[in-house]
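Q: I have a model open and want to learn how to read its interfaces. Where do we begin?

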Amino acid sequence: MSEKLVNVTINGKKISAPASLSAVQAFWHAGYTRVEGIGCMEGVCGSCRVMVRRVNKKEVRMQLGCQTFIEEGMQIIFLAFPAPTHHAYQLSDMKNSWDVHSQFHKTFPETIDCRVCGGCTQSCPKDIEVQRGVELAAKGKFREAGELFIECVMCNLCMTACPEHIAPNHVGLFCRRVMAYFHLRPANLITRLEELRQGEMDVRTDN
Amino acid sequence: MSKGIPYDEALKRYQHDKEHTLPEMNEILRDYHPDYYPDSLVKLQVGINKGDLCHRQLAEMLQADARIDEADLAGTSITETNVLVIGGGGAGSAAALTAARNGASVILATKLRLGDSNTVMAEGGIQASIESGDTPQAHYDDTLKAGHNKANKKLVARMVMDAPDVIRWLIQEGMQFDQNEFGDLLTRRPGGASANRIVYYRDYTGLEMMRVLRESVSNSNIEVWDHSPVVELLSSETGHCAGAVIYSVEERTYKMIKAQAVILATGGIGRMHINGFPTTNHFGATGDGLILAYRLGAKLRDLDSFQYHPTGVAYPSHLAGSLITEGVRSAGVQLLNALGERFVDELKPRDYISAAILRECAEGRGVVVDDQTVGVWLDTPNMELREPGLMKQRFPKLFHLAKRGNLDPTKKPILVYPALHYQNGGVVIDENGHSTIPGLYCVGEVSGGIHGRNRIMGNALLEIISFGRRAGLQAAQNLSARGHKKSGIEHLTKLRRELSRANMPMDVKSPMLFPACANFELE
């Protein structure tokens with residue numbers, strides 16, 4: 001089977017490559033070097049952020065380069081990965097779960113300034129309802145907010161898109177982490193930990 | 001008298017608790033597992049493992065010339081730290097966090113970006129004996145048996161005893177796990193195990209783990225150097241590991257990091273495409289750590305043993321090698337050949353199932369597409385018929401993958417073929433991840449001895465945290481008041497002498513750093 005070649009522009013370079021290739025593979029296929037912003041190549045590490053415009057479309061979309069298969073006339077630009085967010089916190093700073101709400105607003109004060117512009121939701125390559133997650137978190141609904149971010153790969157595209165520097169993906173992760181930190185207390189695990197503490201569970205290695 | 005073994009002698013050989021492997025399993029491995037391909041192995045001619053069997057492709061890298069010499073280090077910047085962690089996956093993160101929390105200054109240098117690793121891609125889950133019918137002893141026995149009794153028993157014992165506390169530690173970092181309606185952690189059974197022992201989060205266990213660990217590292221005082229592959233380790237005048245030389249991809253220059261302890265957590269070798277197989281591994285899995293440690297004189301083991309995951313995608317070809325988690329088989333999905341017949345117990349260890357698939361394909365019972373792709377069916381529609389909707393809820397990543405390939409797993413079976421997944425061997429370590437070189441720790445896939453000759457599902461995510469924490473603690477607790485007097489790359493002189501004495505081609509350079517497809521050249 002000879003594969004059909006399609007013409008695309010990647011980082012300003014005109015490239016012809018088989019249609020089955022991703023943006024990352026097509027760039028390599030044309031002989032160009034790229035090692036930064038390449039990770040798992042399976043859409044879960046969030047490294048290979050690209051902006052994509054399809055032929056005759058006005059809209060520019062944010063996507064992952066390894067998950068973007070090239071189409072005739074596509075224009076693609078790789079985005080550098082942004083510096084880490086300035087939103088710093090330690091889970092251990094919260095004495096108990098009553099403190100979570102105030103710690104959240106101390107760490108992410110910008111969430112109350114959300115303009116409801118929808119930029120974060122639009123930029124998400126995983127179709128997460130990002131803006132709704134931010135709204136829920138600001139209201140203290142951490143469980144519900146965190147559930148929305150199950151598929152988040154921390155590509156930070158929503159952070160790039162946000163005019164208020166909210167860092168919505170880190171908001172989502174905060175919500176998920178506090179749920180585990182304060183509320184995940186599985187009886188089967190705790191029982192076993194106690195048995196181990198009492199020295200009831202040694203391993204024989206002599207056989 | 002009839003021919004045989006006398007009663008007393010036979011009684012001496014008898015062991016009441018011995019695990020019996022049926023001959024067919026050995027035969028099928030010997031005849032079809034890629035580790036036994038004729039001409040794939042050579043004997044090493046250089047270094048401490050001289051005379052040991054090693055895969056041809058790995059041997060070429062282990063016996064290649066270094067990329068730098070003294071001249072490259074003239075005028076390079078020097079940074080000092082207590083502990084240098086090399087690698088930004090789960091093992092490196094756990095080690096760095098533990099070292100930093102125990103008072104050490106830590107630099108974490110990684111070739112790609114913090115989190116870009118095989119950890120983030122892990123789907124199936126992590127092993128810990130937490131169910132009431134299960135014990136650490138059973139976990140230990142299963143691990144040894146699946147590894148063909150070749151694992152280091154002390155390492156396995158440590159790991160299985162650590163396991164429940166590893167889960168607790170991860171929860172305290174903010175990691176979620178799937179639970180039942182009573183709040184207990186859900187478990188499923190790994191192939192080759194005697195009990196339900198895998199805890200998981202959907203088929204995103206690694207993603208959930210890595211995003212939490214990355215956030216922990218970012219919120220600590222650990223200094224993270226992204227895009228900084230190590231090209232050589234530094235040695236001291238006393239033969240200690242004393243730091244590393246990194247190449248800054250962003251600044252296109254070499255830099256030196258001097259450290260009192262180095263924790264190597266560089267992962268595996270998938271992108272070497274051993275025996276030409278597609279791989280489930282990430283872009284940076286080029287085996288650099290093995291080469292770096294070997295040059296310093298660290299002992300390696302099981303260099304002829306690799307894991308081929310039974311269910312890599314075979315078709316469509318642009319998805320070749322993409323992983324379908326073993327969790328799918330744990331949940332009851334079966335494998336069928338082109339005749340529509342089952343040919344293997346899907347919950348046997350991975351090496352056996354991969355060999356069985358390769359046998360079906362070699363003997364003409366594989367499904368052939370386009371005259372070049374061959375595979376067997378992963379019977380997902382049957383599972384959908386038995387438990388409608390369950391797959392989509394438990395395995396969202398599988399459905400994303402299928403969508404990219406224009407497949408509907410609820411209607412049509414998926415064509416699968418083994419893919420290179422894991423390096424079973426690696427650097428010899430002790431119970432704290434310490435290698436045979438003072439000051440050099442190795443944790444995660446780069447280390448060897450925990451899995452013997454075949455790893456059981458869920459022990460990789462366990463190992464990286466268990467030994468990552470152990471090495472991080474040990475490194476932080478054993479800092480000497482003063483650092484090393486001298487540190488450099490003098491050990492390369494010995495390497496080059498040995499290479500030329502053994503007539504090795506000096507035009508081959510290692511470590512590989514990046515796969516050839518990315519067209520990367522050092523300045």
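A: Begin with the domains, and keep in mind that this is a predicted model. The domain assignment splits chain B into domain 1, residues 70–305 + 424–491, and domain 2, residues 313–419.

Q: How far apart are the C-alpha centres of domain 1 and domain 2 of chain B?

A: They lie 30 Å apart. Contact between the two domains of chain B involves 21 residues of domain 1 and 24 residues of domain 2.

Q: How do I put a size on such an interface?

A: Interface size is often quoted as the accessible area lost when the parts come together. Between domain 1 and domain 2 of chain B, about 2,000 Å² is buried. Carbon and sulfur atoms give 55% of that area.

Q: Which residues form the salt bridge between B:Glu123 and its partner, and at what distance?

A: The partner is B:Lys397, with the closest N and O atoms 2.6 Å apart. The count between these two domains of chain B is one salt bridge. Eleven residue pairs are in polar contact across the domain interface. On the domain 1 side, eight nonpolar, seven polar and six charged residues touch domain 2 of chain B.

Q: Now a single helix. Is helix H6 of chain B mostly covered or mostly uncovered?

A: First the general idea: an α-helix has 3.6 residues a turn, so residues three or four places apart point the same way. Helix H6 of chain B spans residues 136–146 and is mostly covered, with nine of its eleven residues buried. Among them are B:Pro136, B:Tyr140, B:Thr143 and B:Leu144.

Q: What do the buried residues of H6(B) pack against?

A: From chain A, helix H8 (187–197). From chain B, strand E5 (126–127), helix H7 (153–173) and helix H15 (459–477). After H6(B) comes B:His148, which has a positive phi near 55 degrees.

Q: How many residues does each chain bring to the contact between chain B and chain A?

A: Chain B brings 64 residues and chain A brings 57. The area buried between the chains is about 5,400 Å², with 53% from carbon and sulfur atoms.

Q: What polar links join chain B and chain A?

A: The count is 30 residue pairs in polar contact. There are two salt bridges between the chains. One of the salt bridges pairs A:Arg176 with B:Glu208, the closest N and O atoms being 3.1 Å apart.

Q: Which elements of chain B give two or more residues to the side that touches chain A?

A: H6, H7, helix H8 (205–218) and helix H14 (396–404) of chain B. H7(B) gives the most, with eleven residues. By class, this side of chain B has 27 nonpolar, 17 polar and 20 charged residues.

Note on methods
Residues are numbered from 1 along each chain as its sequence is written. Chains are lettered from A and ligands numbered from 1 in the order in which they are written. This is a predicted model: local features need pLDDT of at least 70, side-chain atom pairs count only at pLDDT 80 or more; totals for chains, interfaces and linings use all residues. Side-chain values use heavy atoms; hydrogens and water are left out. Domain bounds come from an automatic or database domain assignment. Contact means heavy atoms within 4.5 Å. Buried area is the accessible area (1.4 Å probe) that two parts lose on being put together, summed over both. A salt bridge is a side-chain nitrogen of Lys or Arg within 4 Å of a carboxyl oxygen of Asp or Glu. A polar contact is a pair of N or O atoms within 3.5 Å; within protein, one must be able to donate a hydrogen and the other to accept it, and residues adjacent in sequence count only if both atoms are side-chain atoms. Ala, Val, Leu, Ile, Met, Phe, Trp, Tyr, Cys and Pro count as nonpolar, Asp, Glu, Lys and Arg as charged, and the others, Gly among them, as polar. Buried means under 20% relative accessible area, exposed over 50%, partly exposed in between (1.4 Å probe, protein chains only). Helices (H or I, at least four residues) and strands (E, at least two) are DSSP runs, numbered from the N terminus.
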